[in-house]
Protein chains: 2
Amino acid sequence: MDHLSNYAKFNEIDTFIFDCDGVLWNVESQVINHANEFVKMLLAAGKRVFLITNNSARTRRHLLEKSHKLGFDVVEENIVSTAWLTAAYFKDVLNHKGKIYLLGGEGLEKEFQMKGLDYIGPGEASYGDIAAGHAGYLSLKLDPEVNAVVVGFDPYINYTKNVLAMSYLNDPSCLFVATNTDLVFPSDGPIKIPGTGSIVSFIAASAGREPTVVGKPSSSPKEILEAVHGKFDCERTMMVGDRLDTDILFGRNCGFKTLLVLTGAHGIADVEERAKKEETKSMVPDFYIESVGHMRDLLKN
Amino acid sequence: MDHLSNYAKFNEIDTFIFDCDGVLWNVESQVINHANEFVKMLLAAGKRVFLITNNSARTRRHLLEKSHKLGFDVVEENIVSTAWLTAAYFKDVLNHKGKIYLLGGEGLEKEFQMKGLDYIGPGEASYGDIAAGHAGYLSLKLDPEVNAVVVGFDPYINYTKNVLAMSYLNDPSCLFVATNTDLVFPSDGPIKIPGTGSIVSFIAASAGREPTVVGKPSSSPKEILEAVHGKFDCERTMMVGDRLDTDILFGRNCGFKTLLVLTGAHGIADVEERAKKEETKSMVPDFYIESVGHMRDLLKN
């Protein structure tokens with residue numbers, strides 16, 4: 001790992017992919033060290049820019065509004081959320097026919113609507129006739145048109161939803177897709193918040209199957225973006241992130257240049273620790289820099 | 001593995017532990033090949049008998065009533081359910097002080113009540129103020145007296161319950177106990193039913209911790225029974241089951257003699273498969289027999 005200022009070909013990078021939380025803004029939604037100004041510089045210089053988040057709870061439009069409020073001069077096509085990625089995966093990559101059993105919230109549902117996908121499942125679900133025991137679950141009806149199960153952030157996840165998901169997934173031809181597998185949301189204080197990954201574990205454990213994962217660190221975002229926006233020149237693409245196990249691993253999985261910023265989850269000591277072990281070596285970035293704001297001085301006009 | 005009829009010391013066995021489903025009765029709750037008569041013979045011969053089930057949804061008393069209906073001449077002390085085992089673990093093994101956050105159903109709750117344990121949590125839970133997003137969860141209150149989380153079969157499991165469980169478990173001194181880790185309930189037909197193990201996966205994934213498991217195949221049932229009923233003579237104890245990965249592994253983990261009956265989940269071919277691989281060799285039983293009923297001829301009066 002080298003400091004970014006030592007990278008002679010930095011100006012040849014033409015596509016920048018930024019993680020959002022801990023990179024462009026902090027958990028209190030405050031812009032980190034003029035990151036918005038740097039993104040403006042990149043766009044003015046004709047670079048391609050993507051803001052990527054594993055969050056599946058919000059639509060791309062919602063994240064665009066947040067970006068605008070924080071002074072990022074981007075359009076909807078610059079935003080890459082797992083809610084949109086998952087809808088694009090089914091529509092633009094798979095050209096999926098059939099119904100999707102969707103465990104997800106409002107953001108995912110709206111992206112599915114906008115892509116014209118056929119789905120059932122979101123929203124509050126009854127706990128079922130608990131007193132009836134197994135007989136209550138056994139009387140549930142499956143929809144014969146369902147041929148895919150999608151698991152995203154679903155605040156209404158419950159046992160009955162798992163009965164249905166597991167029953168659909170018992171057919172090996174039924175697709176199993178997860179938006180992402182982050183196990184926790186970042187939070188300070190005594191209350192901890194489970195991530196979508198824990199919901200995925202709930203379903204996957206029952207089904208005895210592992211899903212295709214759309215979000216980082218899988219390389220799916222690259223494949224889906226290529227289906228929509230055309231091929232990446234990996235040598236000229238840079239992934240900028242604060243987490244080694246999601247952002248940097250994602251960049252390396254895609255063959256992109258990788259840059260760690262020191263404004264979020266991981267620091268230099270974390271890199272050194274990963275570098276020592278064979279199984280975590282692929283989380284070591286090519287470069288590091290103090291913050292996205294510090295990149296401004298390196299960009300020649 | 002040998003046929004049980006070749007076991008010269010079979011009459012010296014003085015304690016028999018039977019799994020229930022697939023061993024004593026089938027999924028339709030019909031007695032399998034006079035198993036009830038054999039149990040009567042054992043008791044008449046002065047043997048010690050336990051009926052053990054990983055099911056945590058029912059009380060020991062409920063399972064006793066079912067046993068009586070099916071002609072098993074047993075008393076409450078002969079029944080070993082994970083609901084009762086878990087309550088006995090906290091009361092008779094740990095002599096636990098403090099409050100337990102209990103994710104479980106009616107059976108577990110009643111056993112906790114009967115042991116005089118202090119708990120919160122069971123029953124229907126609100127989905128919370130979903131529209132409030134993270135702020136809604138962050139305003140949840142933790143009970144400062146809680147120092148243990150128990151996960152059993154909870155038909156009301158939901159996301160808010162996981163927020164609380166994960167938050168309590170963030171304190172490393174908070175105990176984490178699961179009744180059992182069976183991933184699925186046996187069922188024919190298109191509807192599949194997730195087991196308690198899937199709920200455990202949901203919580204454990206968020207918490208980043210693995211629980212102490214009370215049920216088979218862990219050896220906890222032996223230790224808990226010993227705290228209540230006194231030591232086992234392992235050489236003279238036989239575990240009788242139909243599943244290699246729970247019943248037989250449990251028996252081997254405890255140092256008991258193990259007997260596979262061919263009336264349930266696994267057969268001879270399954271044993272041969274396990275015998276080939278180093279990591280599953282510990283699931284190979286000492287003996288097999290066609291059914292519990294077939295044991296009658298071997299018992300000398």
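**Chatting through the A/B interface**

User: Hi! How much area is buried between chain B and chain A, and what share do carbon and sulfur atoms give?
Analyst: About 3600 Å² is buried between chain B and chain A, and carbon and sulfur atoms give 72% of that area. Bear in mind that this is a predicted model.

User: Which three residues supply the most of the area that chain B buries against chain A?
Analyst: Those are B:Tyr127, B:Tyr159 and B:Ile191, which supply 22% of what chain B buries against chain A, more than any other three residues.

User: And how many residues are in contact?
Analyst: On chain B there are 34, in contact with 34 residues of chain A.

User: How many salt bridges and how many polar contacts are there between the chains?
Analyst: The salt bridge count between chain B and chain A is zero. For polar contacts, the count is ten residue pairs, with both residues at pLDDT 80 or more.

User: Which helices and strands of chain B supply at least two residues each to the side that touches chain A?
Analyst: They are the helices α5 (134-138), α6 (159-169) and α7 (196-207), together with the strands β9 (184-185) and β10 (193-194). Helix α7(B) gives the most, with six residues.

User: What's the make-up of that side by class?
Analyst: The side of chain B that touches chain A has 24 nonpolar residues, eight polar ones and two charged ones.

User: Nice. How are the two copies related?
Analyst: Chain B superposes on chain A by a rotation of 180° with 0.0 Å of shift along the axis, at an RMSD of 0.0 Å. The two copies are therefore related as by a two-fold rotation axis. The same surface serves both copies, with 100% of the contact residues of chain B recurring in chain A.

User: Switching to chain A: how many residues of helix α6 are buried?
Analyst: Eleven of the eleven residues in α6(A), residues 159-169, are buried, so to speak of the helix as mostly covered is fair. Among them are A:Tyr159, A:Lys161, A:Asn162 and A:Met166.

User: What does A:Asn158 reach at the start of that helix?
Analyst: A side-chain oxygen of A:Asn158 comes to within 3.1 Å of the backbone nitrogen of A:Thr160.

User: Now the backbone. Where are the cis peptide bonds you'd point me to?
Analyst: One joins A:Lys216 and A:Pro217, with omega about 5°, and another joins B:Lys216 and B:Pro217, also with omega about 5°. A:Pro217 sits in the loop between β11 (212-213) and α8 (220-229) of chain A, and B:Pro217 is in the loop between β11 and α8 of chain B. I mention these because most peptide bonds are trans.

User: B:Ser218 is in that chain B loop too. Is B:Ser218 buried or exposed?
Analyst: B:Ser218 counts as buried because its relative accessibility is 18%, and the cut-off is under 20%. Its side chain reaches the backbone nitrogen of B:Ser220 at 3.0 Å. Leaving aside neighbours within four places in sequence, B:Ser218 is in contact with B:Val213 and B:Phe250.

User: Last one: which residues other than glycine have a positive phi in chain B?
Analyst: Two I can name are B:Ser29, with phi of about 60°, and B:Asn95, with phi near 45°. B:Ser29 lies in the loop between β2 (15-19) and α1 (35-44) of chain B, and B:Asn95 in the loop between α3 (82-93) and β5 (99-103). B:Ser29 is partly exposed at a relative accessible area of 30%, and B:Asn95 is partly exposed at 44%.

Terms used
Residues numbered from 1 in each chain as written. Chains lettered and ligands numbered in written order. Predicted model: local features only at pLDDT ≥ 70, side-chain atom pairs only at ≥ 80, totals over all residues. Heavy atoms only, no water. Helix = DSSP H or I, 4+ residues; strand = E, 2+ residues; numbered from the N terminus. Buried < 20%, exposed > 50% of the residue type's maximum accessible area, 1.4 Å probe, protein only. Polar contact = N/O pair within 3.5 Å; in protein donor to acceptor, adjacent residues only side chain to side chain. Contact = heavy atoms within 4.5 Å. Buried area = accessible area lost by both parts, 1.4 Å probe. Salt bridge = Lys/Arg side-chain N within 4 Å of Asp/Glu carboxyl O. Nonpolar A, V, L, I, M, F, W, Y, C, P; charged D, E, K, R; others polar. Least-squares fit on C-alpha atoms with pLDDT ≥ 70 in both.
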